[in-house]
Amino acid sequence: YWVEGVSSKSKNSKEAMNHFWKQQFESAKNPAIWFSKGFQLKRAADRMFEISQKALLKQEDLFQRSIKDGNFRNGTHALTKKEEKLVLDSEFNGVYFLLIGFAFENILKGILVSRNPTYIQGLKVDERLQTHRLVNLFENCRVSLNQKERKVLENLTKDIMWRGRYPIPLCLNKMISNEVGVSATNMLDAYFPNRDLIENLFQKLKEAK
């Protein structure tokens, strides 16, 4: 009897857990969950921008001073501990683009779920949500894009799929690129190209919701 009781209790506990996780899964039918995650990632990305921006501006200032003071000779300069930290902080620009890409993805999928609640039912999500390709998601949300916006979103898709997470993609062909570098006039434009365009795209999504 005792063994049977334990077995019965264990079975009930498992059923309760399965029911709980099913509820968690189906709660994603609520688009607010996707929007919340998306804007949480956007906030984190903006924080990465702030840290990197501050470091880049200080780096540029220290660089100009080192030239003026004669500490930068023969194209080389030994970094101080402070400068090393600034270099590391400036490299958060890569994390910014990864998080921005994920933010777009969540908000776009939230819009799709709001319009098509049946995209989440049963034990899996609809195939139309099983993509990282931001241009396709924008098109499915019926948000118009110009050529420059498409190019930026294609680049962000690369950040999502591999560039922001791994040193290399799954195959060489995905690494080879025909992208043309931006003609930046300062360090911020070089590290954060098209940031204004990205912010405008977020505004488009707010209106699309």
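In the predicted model, helix α6 provides the largest share of the lining of the second largest pocket, namely six residues. The space in this pocket amounts to about 360 Å³. Its lining comprises 15 residues, and those closest to the pocket centre are Arg-133, Thr-157, Lys-158, Met-161 and Lys-174. At least two lining residues are supplied by α5 (134-140), and at least two likewise by α6. By residue class, the lining of the second largest pocket consists of nine nonpolar, two polar and four charged residues.

Helix α6, which spans residues 147-163, also packs against α4. The axes of the two helices lie 8 Å apart and enclose an angle of about 105°. Because this angle falls in the range of 65 to 115 degrees, α4 is described as roughly perpendicular to α6. On the α4 side, the contact is formed by Phe-97, Leu-98, Ile-100, Gly-101, Phe-102, Phe-104 and Glu-105. The α6 side contributes Leu-153, Leu-156, Asp-159 and Ile-160. Eight residues of the contact between α4 and α6 are nonpolar, one is polar and two are charged. Gly counts as polar in this division, and Gly-101 is one of the α4 residues in the contact. Among the charged residues, Glu-105 belongs to α4 and Asp-159 to α6.

Asn-106 is likewise located in α4, which covers residues 93-115. The relative accessible area of Asn-106 is 15%. This value is under the 20% cut-off, and Asn-106 is therefore classed as buried. When neighbours within four places in sequence are set aside, Asn-106 contacts Trp-34, Lys-37, Gly-38 and Leu-41. By class, Trp-34 and Leu-41 are nonpolar, Lys-37 is charged and Gly-38 is polar.

For the chain as a whole, eight helices and two strands are assigned. Their order along the sequence is α-α-α-α-β-β-α-α-α-α. In this order the two strands follow α4 and precede the remaining helices, α5 and α6 among them. The chain has 209 residues, of which 32% count as buried; Asn-106 is one of the buried residues. Of the contacts in the chain between residues at least 6 apart in sequence, 77% connect residues that are at least 24 apart.

Definitions and conventions. Residues numbered from 1 in each chain as written. Predicted model: local features only at pLDDT ≥ 70, side-chain atom pairs only at ≥ 80, totals over all residues. Heavy atoms only, no water. Helix = DSSP H or I, 4+ residues; strand = E, 2+ residues; numbered from the N terminus. Buried < 20%, exposed > 50% of the residue type's maximum accessible area, 1.4 Å probe, protein only. Contact = heavy atoms within 4.5 Å. Axes fitted to C-alpha atoms, helices over the stretch in contact; angles between N-to-C directions. Parallel < 35°, antiparallel > 145°, perpendicular 65-115°, else oblique. 1 Å grid on protein atoms, 1.4 Å probe; cavity = no way out; pocket = protein on both sides within 12 Å on 5 of 7 lines; lining within 4 Å. Points joined across faces, edges and corners; volume = space filled by probe spheres on them.
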